[in-house]
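User: Can you walk me through the labels on this one? I'd like to see what each rests on.

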Amino acid sequence: MNRVQFMEQLKKLLSDISEEERQEALEYYESYFDDAGEDQEAEVIRELGSPGKVAAIIKEDLKGSSQNYGEFTENGFQDERVDNERQMPQNRADRGYHAERKGGKASVILVLILLVFISPLIKGAVGGVLGFIVALALLPFLIVFGIGAAVVGLFVAAVAVIGAGIGTCFTALPFGVLLVGIGLLLFALALVGLVFLKWAATCALPAILRNFTDFCCRIVNRGRKEGERA
């Protein structure tokens, strides 16, 4: 078997892998033959073994096996599966063809590219979650503030309507009495709102804040426990 026959058989045996990996492997061995020279062609073929053995090693490497069975290095071919202690020609100072390493680098590059593209989405999602948490924490305060503003408004409206009703009684008694009645009703609603405001500020708001704090603490503690288990 000569070099051309060896490479033709190897090309056929590698027909079931990707075109890129097949071309890279064939270029590696073509370059190896070139470096060895024509006078060492037979010796290279003898040391490599059959094209079937070389193809099997390449395919095993492409499967992503964590065990490093063999590699062509400047010190020769090292393969645990084949009892072959003979050295290859020493005139090739280059790292051997190792498909798994290329795949690992490609995976890292793809992950980095993906992170670059989705980083704005991650940033937006994190900002949205934080905004929701802040709004949820401030909601009880906003409700209490709204109730307080409504109570103050009712008191002011009640005083204004009662004053207008008293003044109107001198010119139009029925309408003035109606206004005073409406003003008293508004004043009563203001008193009810004041009682509710006191309850919300002294009882409901502290309870809501306490439950919210406990909920956040449980989430943080659960994350720590899961991290410790991992």
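Analyst: Let's start with a yardstick: buried means under 20% relative accessible area, exposed means over 50%, and partly exposed is in between (1.4 Å probe, protein chains only). This is a predicted model, where local features need pLDDT of at least 70, side-chain atom pairs count only at pLDDT 80 or more, and totals for chains, interfaces and linings use all residues. Residues are numbered from 1 along each chain as its sequence is written, and side-chain values use heavy atoms, with hydrogens and water left out.

User: Why is Gln-23 called partly exposed?

Analyst: Its relative accessibility is 36%, and partly exposed covers the range between the buried and exposed cut-offs, so Gln-23 gets that label.

User: What makes Arg-22 count as buried?

Analyst: Arg-22 comes in at 13% relative accessibility, so it counts as buried. It touches Lys-11, Leu-14, Ser-15 and Ile-17, leaving aside residues up to four places away in sequence (contact means heavy atoms within 4.5 Å).

User: Why is the pair of Phe-6 and Phe-33 called edge-to-face?

Analyst: Rings of Phe, Tyr and Trp (its six-membered ring) pair if their centres lie within 6.5 Å; planes under 30 degrees apart count as stacked, over 60 as edge-to-face and the rest as tilted. Here the centres are 5.9 Å apart and the planes sit at 70 degrees, so Phe-6 and Phe-33 are edge-to-face. Both residues are buried.

User: How do you know that Tyr-29 is buried?

Analyst: Tyr-29 has 2% relative accessibility, so buried is the label. Tyr-29 also forms an edge-to-face pair with Tyr-28, at 5.1 Å centre to centre and 80 degrees between the planes.
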